[in-house]
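Hi,

Here is the structure I promised to pass on. Have a look at it first, and then read my notes underneath.

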Amino acid sequence: MAAENPMESLQDEATCPVCLEYFTEPVTLGCGHNFCRACITQRWEGSDIAVYCPQCRKTVQQRNLRLNRQLANMVEIAKRLSLQAKKGSGVEKVCEKHQEPLKLFCEEDQTPICLVCDRSRAHRAHAVVPIEEVAQEYKEKIQAHLKTLREEREKLLGLKVNGEERSQEYLKQTQTERQKILLEFQQLRQFLEEQERLLLAQLEKLDKEILKTQNDNVTKLSEEISRLSELISEMEGKCQKPASEFLQDVRLTLSRCEKGKFQQPVAISPELEKRLSDFSQKTVALMETLRKFKDTLSALERKRGESHGSIRHANVTLDPNMAHPQRILSKNQKSVRWEDTRQDLPNKPERFYIDPCVQGWEGFTSERHCWEVEVGSGGYWVARESVRRKGRISFSPEEAIWTVEPWEDQCHALTSPVTHLPLSHVPRRIQVCLNSELGQVTFFDAGNKVPIFTFPPASVTGDRIHPWLQVLGIRLCP
């Protein structure tokens with residue numbers, strides 16, 4: 001038995017079992033089999049009962065079509081390998097039907113044909129020319145376009161180089177400013193810490209002096225209280241004696257009672273009180289200086305925000321007239337869920353019929369706007385108003401669709417090629433910030449305000465930009 005051709009095996013693996021062509025946007029069912037998204041959707045179209053896999057006939061409980069990106073990449077590799085194999089074989093390409101060399105070109109069908117095809121009914125009435133002649137004609141046309149394309153590429157390369165150079169200059173400038181800020185704030189922190197130590201030391205010294213004054217006063221008062229207690233006890237005893245004994249030295253006793261007037265101690269000295277007053281004034285002046293400093297920084301921050309344009313927090317609601325028949329909106333039009341059975345809805349021009357999507361009522365053409373989305377499974381978040389509704393949608397910034405898609409335990413930005421985002425976890429609450437005028441979108445993790453991905457500006461002149469969702473379950477956050 002001859003060894004299996006690896007190229008043929010690769011082509012077989014990259015072929016859809018329904019259309020027998022290379023996979024186009026391959027999706028994986030729950031049973032593990034793969035199909036073109038359009039093929040399996042067409043197979044299931046109009047079925048209100050449980051659907052099944054065309055290959056293994058197993059029932060599919062949910063119409064959850066997950067894009068198989070790895071298989072899509074393998075299909076592209078298979079196409080390139082097949083093309084290289086044909087180019088490297090050195091054999092002249094022949095007609096697949098008649099196995100004759102392709103010597104002619106049918107201008108009506110725009111395809112190479114052989115001499116037998118030319119005599120067949122399919123091409124008998126068509127205008128045909130020698131293939132080398134028409135090839136030379138098209139080569140000249142393409143060469144003319146190539147000149148323009150090369151000039152455009154050179155212009156773009158120049159813009160790229162200039163942009164990179166300007167970016168490096170800006171980065172150097174920001175680094176210089178960063179060093180200035182770090183140095184100034186380090187010196188400010190050192191100064192404030194030194195002032196803090198100095199003021200606290202002065203307070204500690206005042207505390208000690210106040211405590212010493214208090215202790216001295218307590219000692220003096222205690223001594224005087226003890227002396228008065230003894231004198232009172234002596235006088236009370238003397239008053240209990242007989243008159244003859246009581247009157248002995250009575251004048252001396254009265255003198256002792258009268259001359260022992262106590263001088264009350266001062267609670268705090270005038271000098272210490274003045275020092276306390278001066279310290280309080282210094283503290284008030286310091287607090288006022290710090291308050292002015294904070295007010296100045298706040299004013300600068302507000303001015304910076306105004307120069308960049310204010311951000312408006314959009315109150316987004318979903319448009320039921322655009323919802324796919326298998327997308328059920330809540331009463332407040334803030335959340336959407338999947339329904340297996342298609343609803344019988346009017347076939348309006350704005351309604352999505354192929355891709356299960358729904359678009360927000362609100363559209364933006366100016367200023368900056370922000371809203372939050374809580375995602376259940378999967379998600380696409382921003383698109384222009386003129387996005388395709390009846391056919392397949394190409395999820396890419398070139399089509400003015402800015403997409404971040406959770407995939408298992410990772411997150412991807414649907415750029416070309418796909419950008420894999422190095423996140424520690426897949427966020428379930430997303431903040432979307434849109435600069436309408438630039439066509440620039442940034443996605444944030446709403447939990448910690450960390451940026452997830454920023455798409456570069458896109459040209460959306462004359463088109464409104466809407467919140468736009470394709471998900472199994474999603475809720476717009478207040």
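Below is what I found when I went through it, starting with the whole chain and then going into a few places.

One thing to keep in mind from the start: this is a predicted model.

**The chain overall**

You'll be looking at 478 residues, of which 29% are buried. The chain has eight helices and 23 strands. If you take the contacts between residues at least 6 apart in sequence, 57% of them join residues at least 24 apart. As for the surface, about 32,200 Å² is exposed, and carbon and sulfur atoms supply 54% of that.

**A small sheet and the helix across it**

Try finding the open sheet of three strands, which go in the order 7-6-8 with antiparallel pairing. Strand 7 (111-113) and strand 8 (128-130) are at the edges with a single partner strand each, so one side of each has no neighbour in the sheet. From one strand to the next, the twist averages 35°.

Strand 6 (residues 104-106) is joined to strand 7 by three bridges, and the two run antiparallel. If you want a pair to click on there, Phe-105 sits opposite Pro-112 in strand 7.

Helix 5 (residues 131-239) lies across strand 6, strand 7 and strand 8, and its direction makes an angle of about 85° with strand 8.

**A nonpolar patch on the surface**

Helix 5 turns up again here. Ile-181, Phe-185, Phe-293 and Leu-297 make a nonpolar surface patch of about 330 Å². Helix 5 and helix 8 (270-307) are the elements that give two or more residues to it. Phe-185 belongs to helix 5. Is Phe-185 buried or exposed? Somewhere in between: its relative accessible area is 35%, so it counts as partly exposed, given that buried means under 20% and exposed means over 50%.

**A hairpin further along**

The last stop is strand 19 (residues 429-435). Six of its seven residues are buried, so the rest of the structure largely encloses this strand. Strand 19 pairs with strand 20 (residues 440-445) in the antiparallel sense, over six bridges. Within that pairing, Val-432 stands opposite Phe-443 in strand 20.

Strand 19 and strand 20 form a hairpin with four residues between the strands, and Gly-439 takes a positive phi near 65° in it.

That's it from me. Shout if anything is unclear.

Cheers

Note on methods:
Residues are numbered from 1 along each chain as its sequence is written. This is a predicted model: local features need pLDDT of at least 70, side-chain atom pairs count only at pLDDT 80 or more; totals for chains, interfaces and linings use all residues. Side-chain values use heavy atoms; hydrogens and water are left out. Two strands pair if DSSP finds at least two bridges between them. Axes are lines fitted to C-alpha atoms, for helices over the stretch in contact, and angles run from 0 to 180 degrees between N-to-C directions. Contact means heavy atoms within 4.5 Å. Buried means under 20% relative accessible area, exposed over 50%, partly exposed in between (1.4 Å probe, protein chains only). Accessible areas come from the Shrake-Rupley method with a 1.4 Å probe; for residues, only the protein chains shown count as cover. Patches are made of residues with over 30% relative accessible area and no salt bridge: like charges are joined within 9 Å, nonpolar side chains (Val, Leu, Ile, Met, Phe, Trp, Tyr) within 5 Å. A salt bridge is a side-chain nitrogen of Lys or Arg within 4 Å of a carboxyl oxygen of Asp or Glu.
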